[in-house]
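Colleague: Could you take me through one part of this predicted model in detail, the place where ligand 3 sits, and then carry on from there to whatever else is worth a look? I'm still new to this, so plain words please.

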Amino acid sequence: MAEVIESQQDTKRTRPTRRSFLKWSGVGAGTAALVANTANLGMPSASAAKADGMAGVDKTVWNVCFVNCGSRCPLRLQIKDGTIVRCLPDSTGDDSVENRQLRACVRGRSIRNRVYSPDRVKKPMIRKEGTERGAGEWEEISWPDALDLVAEKIQYTIDNYGNEAIYNQHGSGVNGAAIGAANPFQRLFNLLGGSLQRYGTYSTAQITAATQFTFGELEEGGDTVPSNSFEDSVENSQLVVMFGNNPQETRMSGGGILYTSQFLQREGVRTILIDPMYSESAVVLADEWVPIKPGTDTALASALAHVLISEDLQDQAFLDKYCQGFDEDHMPDGVPAGNSYQSYIMGKGADGIEKTPAWAAEITGIPEDKIVALAREIGNAKPCAIMQGWGPQRHMNGENQARAICALAALTGNVGINGGGTGGREGSYGPLTMSFPSGENPIEASIPLFMWTDAVTRGAEMTATTDGIRGVDKLPVGMKFQLQYGGSKFAGQHSDINRTLEIMKDQSLCEFVVVVENMMTPSAQYADLVLPDTLGPERWDIGHNEAGGDLAYYMYHEQAIEPLHDTMDSYEMAVELAKRLGVEDEYTEGRTRKDWVQWMAEENVKEHPELPTWDELSEMGIYRYHTPENHVVPMRKFREDPEANPLATPSGKIEIFSSELWDMAKTWTFEDPQKGDVITALPEYVDTFESTIEARSNEKHPLQCIGHHFKGRVHSTFANLEWLTSAHHQRLFINPMDAEERGISADDLVEVYNDRGRVRVPANVTTRIRPGVVSLPQGAWYKNDDGVDVGGNINTLTTLHPTAYAKGNPQHTNLVQVKKA
Ligand SMILES: Nc1nc2c(c(=O)[nH]1)N[C@H]1C(S)=C(S)[C@@H](COP(=O)(O)OP(=O)(O)OC[C@H]3O[C@@H](n4cnc5c(=O)[nH]c(N)nc54)[C@H](O)[C@@H]3O)O[C@H]1N2
Ligand SMILES: Nc1nc2c(c(=O)[nH]1)N[C@H]1C(S)=C(S)[C@@H](COP(=O)(O)OP(=O)(O)OC[C@H]3O[C@@H](n4cnc5c(=O)[nH]c(N)nc54)[C@H](O)[C@@H]3O)O[C@H]1N2
Ligand code: SF4
Ligand SMILES: [Mo]
């Protein structure tokens with residue numbers, strides 16, 4: 001990595017003129033070695049998987065790394081006597097952007113350490129009779145008895161509470177797979193009358209709501225409206241401005257866009273990164289880092305708009321033709337004067353405050369003259385790619401944070417053109433939506449997924465206009481049965497672990513909890529029953545890219561070894577349950593897991609005839625293909641002809657003023673309202689609980705605490721593997737000024753705390769984070785030592801209170817204090 005960083009900095013200095021897109025290649029010296037190692041350049045072909053490696057192995061098979069890091073990499077596993085002896089990366093392709101090697105990162109390549117980990121759950125385990133949930137005392141149980149018990153509890157729940165009381169918990173541990181991503185248990189529940197639905201994700205709940213209110217749903221599908229691909233920015237942008245985006249850490253490897261994004265620097269595209277942290281992406285990609293206080297992007301975007309308007313730098317023709325709500329002449333009927341964005345910005349709105357750079361400087365911590373210079377640069381760069389990662393939206397008021405950045409893209413007329421962007425996250429091509437068919441869920445009721453703990457404690461009180469319940473006006477019943485597959489939501493990735501565990505311990509609330517896992521995670525400890533699943537190399541699948549930029553790809557995944565221990569594939573578990581519940585034939589349709597995988601490959605070819613067949617793919621290992629357009633440019637058709645291709649918003653236009661939110665603001669109310677529970681039709685700055693403003697007067701907890709996604713793990717996966725923990729220590733990022741004030745030196749053990757919990761970890765004293773802000777990388781394993789989490793999980797400190805209208809997870813909005821332990 002150090003080498004790559006150095007070579008990037010060299011490039012920064014020399015600033016080459018931009019070459020043609022197709023010729024980009026060769027990021028660093030290391031790449032030449034990779035190419036020399038490559039079995040066959042050009043098209044991936046026949047026996048690439050078998051071509052190199054150790055002598056004396058029995059076979060080399062294609063596999064896929066299915067963890068949810070947003071990238072998706074092939075692995076080549078070498079097998080000797082039924083054991084994986086080596087894991088090799090992709091050997092096809094070359095170092096050009098469009099045909100690049102999809103080389104796995106060190107996490108993916110640690111698959112042997114996961115498969116052969118002593119921490120694996122080896123047999124079905126049941127909580128010891130008479131002990132409390134979470135007491136950690138387990139007994140072995142046979143597979144037939146375990147499956148009988150689950151079937152019995154499912155039937156009992158349906159009979160006594162109805163199907164709405166059954167919940168298939170969110171888990172992202174298996175992603176981009178044919179079977180797993182759409183987990184096999186949903187098909188079972190659907191055949192039994194359905195289960196409580198959920199919408200949104202922990203990843204993007206707020207930006208999904210934001211972009212849907214602003215742009216409507218895209219015809220290409222997907223939840224969140226993305227921006228242009230990095231390939232497009234590299235070739236066509238004058239300037240790239242990214243708010244809270246860290247692709248060097250969150251889209252690692254050749255499979256992600258770590259590689260394509262690096263060409264921003266190689267090709268000399270000026271790039272500005274706005275982030276409280278000097279992230280890996282700031283190091284590698286940015287010409288300029290603008291350290292912002294967390295949760296204040298809306299204020300910054302407003303002040304940028306103020307300068308643009310004051311200096312007549314907005315794209316008025318674009319706003320007139322494509323947008324609703326920029327000025328008073330383009331408002332929907334029935335809305336009183338003073339509600340346009342221009343009025344809000346220029347101090348003619350309800351609050352009467354002019355959103356000047358001086359006003360924003362106070363809130364954001366960015367100097368006034370910097371804001372003015374930034375606005376001028378953005379206004380004069382044609383075209384300018386304005387985009388955001390998902391950090392800014394994972395806040396209270398995260399919906400408006402995301403909307404304000406999209407509004408900036410609209411104000412500058414950059415939407416739907418090459419070199420521009422929507423304000424969303426960088427886009428990728430990926431037409432494949434293959435997944436195991438789960439069938440129709442007959443239950444209409446749907447909860448915002450972040451509010452599952454509310455559905456446990458007060459389900460029957462939750463309504464559409466207080467809690468964002470969809471499909472019905474009111475939930476009929478609380479959650480009584482939970483199945484957690486491939487996720488860690490009890491003492492892991494959901495918020496406020498201490499409170500969540502109290503809820504889980506109360507067996508009168510959620511009565512039965514099954515966890516389907518590979519590892520005995522802190523969350524699995526709160527199950528009644530833990531069922532040991534296979535890991536990827538022990539089963540058949542196929543995989544496809546998620547975030548690959550203009551490049552899409554499709555991968556073969558062969559079962560490499562027999563399942564270890566007494567594990568069972570989750571598809572088999574679901575079949576066994578279906579057998580017990582009388583729906584086996586409907587469930588299997590006569591197919592084994594491998595048959596289903598092959599069936600999906602055939603379905604894919606029906607939909608996309610350009611794809612290889614199953615047999616062809618088995619020879620190729622990887623199939624690469626590209627966007628047929630000139631780069632991924634969302635909303636291109638709308639830009640070309642807005643009359644013929646209106647957006648799916650009420651006005652058919654980009655709604656800077658959202659008509660739907662205007663109506664929702666009148667009808668929605670808040671359960672236990674807190675500061676920030678406000679719905680605004682414009683992307684306004686809203687002060688919230690535990691904000692930067694509150695930090696100033698909060699003597700108990702004066703530091704803002706975020707928890708960035710970290711290269712040493714994917715959420716909690718890999719957090720128990722020494723291969724990774726020895727290289728990537730869990731430490732609190734803290735600025736030297738804040739450290740000194742507290743007498744903290746490098747690597748001192750510190751306690752990070754607020755009223756929800758306490759965490760003890762070593763300090764990483766570094767100028768890579770701005771003063772007043774700390775970051776505790778998310779995903780560490782919670783470990784309670786006498787009331788203190790010595791594992792260092794940030795969710796010991798986060799809140800269960802949802803955001804105002806997406807009802808999403810404000811997991812980056814926290815105030816804490818830090819002291820030497
Ligand atoms: N290595 C690794 N990669 C991953 C994951 C992982 O756990 N590990 N997780 C994957 C998943 S599921 C997802 S959803 C994505 C997540 O991707 P993101 O949500 O984009 O990741 P974050 O690290 O939460 O945030 C990105 C950046 O936003 C900054 N930030 C935080 N708050 C603010 C703010 O208020 N304003 C601004 N301007 N910046 C802010 C953070 O400092 C960080 O640098 O990553 C994926 N990739
Ligand atoms: N504070 C804070 N919290 C966050 C975030 C944040 O930024 N800050 N990010 C949020 C985001 S974006 C997300 S997506 C969620 C992720 O939340 P989760 O999906 O719950 O988190 P993971 O750690 O990815 O959990 C994956 C689990 O799947 C298991 N697993 C892996 N492979 C298999 C398999 O083959 N079979 C089975 N049965 N299990 C398997 C792993 O052992 C692991 O325990 O976390 C959210 N939580
Ligand atoms: S980048 Fe992500 S998908 Fe690729 S090997 Fe690493 S963890 Fe796996
Ligand atoms: Mo995520």
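Modeller: Ligand 3 takes up the space of the second largest cavity. Keep in mind that this is a predicted model. Around ligand 3 you'll find Cys65, Val67, Cys69, Ser71, Arg72, Cys73, Ala104, Cys105, Arg107, Gly108, Met252 and Ser253. Sort that shell by class and you get 7 nonpolar, 3 polar and 2 charged residues.

Let's follow a few of those names outwards. Cys65 is in the shell, and strand S1 covers residues 59-65. S1 is mostly covered, with 6 of its 7 residues buried. Its partner is strand S2, residues 73-80, and the two run antiparallel, joined by 7 bridges. To see one of those pairings on screen, click on Asn63: its bridge partner in S2 is Leu75. Cys73, another shell residue, falls within the stretch 73-80 that makes up S2.

Now jump to the other end of the list, to Ser253, which is also around ligand 3. You'll find Ser253 in the loop between helix H9 and helix H10 (258-266). What is the sign of phi at Ser253? It's positive, about 80°, although Ser253 is not a glycine. And is Ser253 buried or exposed? Buried means under 20% relative accessible area, and Ser253 has 9%, so it counts as buried.

On the other side of H9 there's Asn246, in the loop between strand S8 (239-243) and H9 (247-250). Asn246 is buried too, with a relative accessible area of 9%. Try picking Asn246 and Tyr278 together: they're 32 residues apart in sequence, and their C-alpha atoms are 9.7 Å apart in space.

Since you've got cavities on screen, let's do the rest of them. How many cavities of 30 Å³ or more does the structure hold? There are 5. The largest has about 100 Å³ of space in it. Its lining is made of 16 residues, and those nearest its centre are Pro294, Gly295, Thr688, Ser691 and Thr813. By class, that lining splits into 4 nonpolar, 10 polar and 2 charged residues.

A few loops are worth a stop as well. Lys355 lies in the loop between helix H14 (341-345) and helix H15 (357-364). Its relative accessible area is 1%, so this lysine is buried. Measure along the chain from Lys355 to Leu300 and you count 55 residues, while C-alpha to C-alpha they're 9.0 Å apart in space.

Further along comes Pro383, in the loop between helix H16 (368-380) and strand S12 (384-388). Look at the peptide bond leading into it from Lys382: that bond is cis, with omega near -10°. After S12 there's another loop, running to helix H17 (398-411), and Asn397 lies in it. Asn397 has a positive phi, near 65°, and it's a residue other than glycine. Asn397 has 5% relative accessibility, so it counts as buried.

Last stop: some strands later in the chain. Strand S21, residues 703-706, has both faces covered. Leu703 and Cys705 are buried on one side, and Gln704 and Ile706 are buried on the other. Which strands does S21 pair with? With strand S28 (residues 815-820) it pairs in the antiparallel sense over 2 bridges, and with strand S25 (residues 773-775) in the parallel sense over 3 bridges. Gln704 is a handy residue to click on here: its bridge partner in S28 is Leu815, and in S25 it's Val773.

Strand S24 (residues 757-765) is another one with two partners to look at. Strand S22 (residues 732-734) runs parallel to S24, with 3 bridges joining them, and Phe733 stands opposite Asn764 in S24. Strand S23 (residues 749-754) runs antiparallel to S24, joined by 6 bridges. One of the pairings there is Val750 with Val761 in S24. S23 and S24 are also linked by a hairpin, through 2 residues.

Conventions:
Residues numbered from 1 in each chain as written. Chains lettered and ligands numbered in written order. Predicted model: local features only at pLDDT ≥ 70, side-chain atom pairs only at ≥ 80, totals over all residues. Heavy atoms only, no water. Buried < 20%, exposed > 50% of the residue type's maximum accessible area, 1.4 Å probe, protein only. Helix = DSSP H or I, 4+ residues; strand = E, 2+ residues; numbered from the N terminus. Pairing = 2+ DSSP bridges. Near = heavy atom within 4 Å. 1 Å grid on protein atoms, 1.4 Å probe; cavity = no way out; pocket = protein on both sides within 12 Å on 5 of 7 lines; lining within 4 Å. Sits in = over half its atoms within 2 Å of the grid points. Nonpolar A, V, L, I, M, F, W, Y, C, P; charged D, E, K, R; others polar. Points joined across faces, edges and corners; volume = space filled by probe spheres on them.
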